[in-house]
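Got your viewer open? Load the model and follow along, one selection at a time.

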Amino acid sequence: MKVEEFNVLYAIHKQNGIINCEDISRRTDYEISKVNNIVSELKAKKWLENGITKIGYDQLNMYKVDNAIIMAAGFGLRSLPLSRFVPKGLYEVKGEVLIERQIRQLREAGIKEIIVVVGYLKEQFQYLKEKYNVLIIENEDYYRYNNISSIYAARDYLKNSYICCSDNYFNINVFEEYVYDSYYSCKYAEEYVEEYCVTGIDAEYITEIHKGGSNAWYTIGEAFFQNCLVKSFSDI
């Protein structure tokens, strides 16, 4: 499926199946003429009739998010001395516990399966099982390896998966029910930042990162692993 086809199909899905080209244009930022052409093409493929057909949903569902993995195992060294007693994900910001806010946003986006990977002060996260019906698994290597060990601990759950940090705070809900491709959200900084900066790109995909940099995009926030990326990751 082309990205333009995906965006139009998903826009129609979010409009409860109503094919309104003006609304689709607003959601996708495509010109009305482009929307009309794509809608015509989707109808020719039998993906659309009065709404999205079963064939259309069969295509769209290949991009449906299966779950979210929230990494909550680390020491939170940059938050010392607070993180000696409370993990970063359990800090309260604007009246909400960070990880609870993120779980709520994921559920509002239609993502039901949520896995929380714990390690440091792991017992403090146990209440989430009963309160939110999340699955909690342990990263036994949290004290010697970084976030990659938490992803490895959750490798059996990797599908079309959001990868999140427990201390993320999003003013708006960034999560979607369907996602077209793997990505890592980034922010551009002119000044030097002690973060993981993107130093290599091939066809819009990140191929290399280095710690620290300026005039660079640095990774921050959520990431998304698509099934095809998961398979290559699992073979490493």
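Which backbone nitrogen does the side chain of Ser-161 reach? Select Ser-161 and look for Lys-159: the Ser-161 side chain comes to 2.8 Å from the backbone nitrogen of Lys-159.

Before going further, a word on what you're looking at. This is a predicted model, in which local features need pLDDT of at least 70 and side-chain atom pairs count only at pLDDT 80 or more, while totals for chains, interfaces and linings use all residues. Residues are numbered from 1 along each chain as its sequence is written, and side-chain values use heavy atoms, with hydrogens and water left out.

**Stop 1: around Ser-161**

Stay on Ser-161, and show Asn-67 too. The two side chains make a polar contact at 2.6 Å (a pair of N or O atoms within 3.5 Å; within protein, one must be able to donate a hydrogen and the other to accept it, and residues adjacent in sequence count only if both atoms are side-chain atoms). Ser-161 belongs to strand S6, residues 161-165. Helices (H or I, at least four residues) and strands (E, at least two) are DSSP runs, numbered from the N terminus.

Turn on a surface and Ser-161 should vanish, because its relative accessible area is 0%, which makes it buried. Buried means under 20% relative accessible area, exposed over 50%, and partly exposed in between (1.4 Å probe, protein chains only). Leaving aside residues up to four places away in sequence, Ser-161 touches Asn-67, Ile-69, Ala-223, Phe-224 and Phe-225; contact here means heavy atoms within 4.5 Å.

**Stop 2: helix H5**

Now select residues 98-108. That's helix H5, and eight of its eleven residues are buried. Among them are Leu-98, Ile-99, Ile-103 and Leu-106, but also Glu-100 and Arg-101. What do the buried residues of H5 pack against? Color strands S1 (67-72), S2 (92-93), S3 (96-97) and S4 (113-118), then helix H6 (127-132) and S6: those are the elements they pack against. Just after H5, click on Gly-110, which takes a positive phi of about 90°.

**Stop 3: H1 meets H2**

Next, select 3-14 for helix H1 and 21-28 for helix H2. They pack at an angle of about 115°, with their axes 9 Å apart. The axes are lines fitted to C-alpha atoms, for helices over the stretch in contact, and angles run from 0 to 180 degrees between N-to-C directions. H1 and H2 are therefore roughly perpendicular (65 to 115 degrees).

Show side chains for Asn-7, Val-8, Ala-11, Ile-12 and Lys-14 on H1, and for Ile-24, Arg-27 and Thr-28 on H2, since these make the contact. They divide into four nonpolar, two polar and two charged residues.

**Stop 4: two loop residues**

Is Asn-20 buried or partly exposed? Find Asn-20 in the loop between H1 and H2; at 30% relative accessibility, Asn-20 counts as partly exposed. Add Asn-36 and draw a C-alpha to C-alpha distance: 9.7 Å, for residues 16 apart in sequence.

Then jump to Thr-53, in the loop between helix H3 (32-44) and helix H4 (54-60). Thr-53 is buried, at 13% relative accessible area. Thr-53 touches Lys-46, Trp-47 and Leu-48, again not counting residues up to four places away in sequence.

**Last stop: zoom out**

Show the whole protein chain as a cartoon: eight helices and ten strands. Its C-alpha atoms fill a box of roughly 60 × 45 × 40 Å, taken along the principal axes. Of the 236 residues, 44% are buried.

How values were computed: Parallel < 35°, antiparallel > 145°, perpendicular 65-115°, else oblique. Nonpolar A, V, L, I, M, F, W, Y, C, P; charged D, E, K, R; others polar.
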